[in-house]
Number of protein chains: 2
Amino acid sequence: MTPSPASDKRQHVVETAYALFKRAGFHSTGIDRIIAEADVAKMTMYRHFPSKDELIVEVLDYRARRFDDQLDRLAREGTTPEQKIAKIFDWHGRWFRRPDFHGCLFAHALAEFGDPQHPVFKAVARQKNSLRQRLQSILEQMMPRGRAESAATTLLMLIEGATLMAHMGQGDTAIRDARKAALDIIAASRGPQ
Amino acid sequence: MTPSPASDKRQHVVETAYALFKRAGFHSTGIDRIIAEADVAKMTMYRHFPSKDELIVEVLDYRARRFDDQLDRLAREGTTPEQKIAKIFDWHGRWFRRPDFHGCLFAHALAEFGDPQHPVFKAVARQKNSLRQRLQSILEQMMPRGRAESAATTLLMLIEGATLMAHMGQGDTAIRDARKAALDIIAASRGPQ
DNA sequence: AGGTGATGAGACAGGTCTGTCTCACAGTGC
DNA sequence: GCACTGTGAGACAGACCTGTCTCATCACCT
């Protein structure tokens, strides 16, 4: 028994599935395709994940962790709250420009698993709420809690909308306008009552 | 031969497919399910639509037409440009509250058909660009074209983001904040340079 | 009445899907 | 040497998918 290589295999399956789901969607990507690309036996996959749905949840959670790590690193670079927000928008702008950008995996998961009771739906909600909470925490350094809550929701909507437009090939325009709008919103929220 | 009833059948298939796609997604909804729900023969469906993909495009175009009609009617009610914009946001707020709301069918289609060459992808792009153009036309009554272009993109992003949040059960908060942000953006765009 | 063309119902083909099962093999402790 | 345990490879089951085909039926026109 070698637990460490076993975990390596498991992680390898997750990352391979992630790449395939991102490109072709969840329902369109079959198990056979995943194990062929990952070069593992079918039983190996089913020993690690009881079903395809559980694998999807695992992929989403993995992606959410990586996303959080990247934004954590970014947050340490920014000094002022405005800078931190701006850096998050810039990060999205760079993401949109990547050749392997295919839209937001979480938004796609929401489209394919629309039932709120479904574990995949819940994984999506976790990620979006986490991003919303991150934005709110930053904004609370600039404005009272109530306003930060509204502003965080607005910024999240701008980001999600920009991601959708980027998927349609208008990422540059979208992120520029979203960034500018975000600063307007912050100014309006912290300025007059 | 009765051409009128035939068209009725065709339209009935489109509407039935629309309801099913909205609830369960595109890949998850089989042809068998559609014809059973619509109570037509399989050959009837394939005589009207050469393939499932073509049916999907037809459904999206049908939905886009209906959406445009509703916003046209709304636009005639509003008097000032601000009112017209506000009415569009209000319409979305009412949509989010409907019990049969399941998110944006076009966003879902984008998630399942991510290839820009695919006819379904193109149908989605048509609808989003149409909404963006509608917003821009209204905004151009208040501000120069360049600014109206940016503001229209921003408003579209707010609407798309709000729709995604509404799908996650936060429609009320989302539309309220989006509406407020939209007015802020408009004020900032028409005010100082 | 008889011919014609559109339609409904469902069998069918060929492929793909998820998930299970069997069997061979490799490493480990005794 | 030998039992034991975890793993790889792939056959298999059973369901579902899209799209085609056959055949009976029915309205309409002459």
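Helices (H or I, at least four residues) and strands (E, at least two) are DSSP runs, numbered from the N terminus. This is a predicted model in which local features need pLDDT of at least 70 and side-chain atom pairs count only at pLDDT 80 or more, while totals for chains, interfaces and linings use all residues. Residues are numbered from 1 along each chain as its sequence is written, chains are lettered from A and ligands numbered from 1 in the order in which they are written, and side-chain values use heavy atoms, with hydrogens and water left out.

Me: Which helices each supply at least two residues of the surface near DNA strand D?
Reply: A residue is near a strand if one of its heavy atoms lies within 4 Å of it. Chain A supplies helix H1 (3–24) and helix H3 (42–48). From chain B come helix H2 (31–38) and helix H3 (42–48).

Me: How many residues surround DNA strand D?
Reply: Among the closest are Thr44(A) and Lys42(B). The number of residues surrounding DNA strand D is 16.

Me: What distance separates the side chain of Lys52(B) from a phosphate oxygen of DNA strand D?
Reply: A polar contact is a pair of N or O atoms within 3.5 Å. The side chain of Lys52(B) offers an N or O atom, and its distance to the phosphate oxygen is 2.7 Å.

Me: At what angle do the axes of H8(A) and H8(B) cross?
Reply: Axes are lines fitted to C-alpha atoms, for helices over the stretch in contact (heavy atoms within 4.5 Å), and angles run from 0 to 180 degrees between N-to-C directions. The axes of these helices, residues 145–167 in each chain, come within 7 Å and cross at roughly 105°.

Note on methods: A polar contact is a pair of N or O atoms within 3.5 Å; within protein, one must be able to donate a hydrogen and the other to accept it, and residues adjacent in sequence count only if both atoms are side-chain atoms.
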